[in-house]
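Work through the following exercises with the sequence and the model side by side, trying each task before reading its solution.

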Amino acid sequence: MADVLYINGRFTTTDERVLGVEDRGFQFGDAVYEVLKFTNRRPLFFSDHFRRFQAGLSYLEIPFSLSAPDLHSVCAELLERTQFASGLLYLQVSRGESERSHFYPENVQPTFVLYSRRFNFPDVAKKERGIRVITTADQRSRLCDVKSVNLLPNLVAKKKAQRAGAEEAILVDGGEVREGASSSFFAVVDGRLVTHPSASCILPGTVRDLVLSLALTEKIPIEERPIRDYELLTLTEAFITSTSQGVMPVTEIDGRIVRNSRIGPVTEVLQRAFDELEEKESQVGNLRQIPENGSR
């Protein structure tokens, strides 16, 4: 069944082929995107996602005319047209279509697409059971803080994980743990919640930042620093965060069992707190004031 699609100001369905062969998103990966979870036909943490979206567009100098309230209205209308109440919402803006050249014209009209997708979110059993992960070398560029569509190294890493019977690949560079191929990574070391600090080598994860705020509320000590690869050998707790997975325990790393394959106490507290935050968000929506400059 076709899903609802919004493209450059009009609604259609995903059955319609809408992109030209010389769209720069297709040709060069010259585009940014966001993925939002929605429940009860409400996009969750919209303002947080919009900040990151706007920051990426600004960095790449791709013009985007919709304000946060305008985009929220478009999302709301698309979800009203969608035949299911929960799933994922995908937004992408490319620089637009022009003759293929590394030098891009200044007057290109951006291409904006928005559509919904069904998604099977983790159930209670999986959120307690957790996932297996592997480690692999980080082969990405140094623009990881821009959520661009250049995801080839991420895809290679995810496929490597899948073939190893794992669900995520943890990216390591120079002995330092960065993040997951499609998630942020947290560990508990000596009772402290440890994660890589914000930098150009990691994506500023929306759920990551929310979890850090929740940790402060729960009075869990936080240390933002690179985790060394050898520390993975003795971890008693670890988890990943993402829009689709929420707070997901990691119970095996490279075949080594973490905490007897059981969710740890810090992870459990933060998972419960985040689930409660999501539930509240799904009831009231989220359109907090966003600075005009798109700061994070």
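**Exercise 1: a parallel pair and its crossover**

In β12, the residue bridged to T195 is E224. The model is predicted, so local features need pLDDT of at least 70 and side-chain atom pairs pLDDT 80 or more, while totals for chains, interfaces and linings use all residues. Residues are numbered from 1 along each chain as its sequence is written, and side-chain values use heavy atoms, with hydrogens and water left out.

Task: establish in which sense β11 and β12 pair, and which hand the crossover between them has.

Solution. Strands (E, at least two residues) and helices (H or I, at least four) are DSSP runs numbered from the N terminus, and two strands pair if DSSP finds at least two bridges between them. By that rule β11 and β12 (residues 222-224) pair in the parallel sense, over 3 bridges. The chain passes from β11 through α6 to β12 in a right-handed β-α-β crossover, that is, the path over the helix runs clockwise when the strands point away from the viewer.

**Exercise 2: the hairpin before it**

Task: find how many residues separate β10 from β11 in their hairpin.

Solution. β10 (residues 184-189) and β11 (residues 192-195) are antiparallel and share 4 bridges, one partnership being that of V188 with L193 in β11. The hairpin leaves 2 residues between the strands, and D190 in the turn has a positive phi of about 50°.

**Exercise 3: the connecting helix**

Task: compare the span of α6 with its expected span.

Solution. The expected span is 1.5 Å times one less than the number of residues. For the 12 residues of α6 (206-217) this gives 16 Å, and the helix reaches 17 Å from first to last C-alpha, close to expectation. Its buried residues include V207, L210, V211 and L214, where buried means under 20% relative accessible area, exposed over 50% and partly exposed in between (1.4 Å probe, protein chains only). After α6 comes K219, with a positive phi near 60°.

**Exercise 4: the open sheet**

Task: decide which strands stand at the edges, and why one side of each lacks a neighbour.

Solution. The 6 strands follow the order β2-β1-β6-β5-β3-β4 with antiparallel pairing. β2 (10-13) and β4 (42-43) are the edge strands, because each has a single partner, so one side of each is left without a neighbour in the sheet. Further in, β5 (residues 87-94) and β6 (residues 111-117) are antiparallel and joined by 7 bridges, among them that of L88 with R117.
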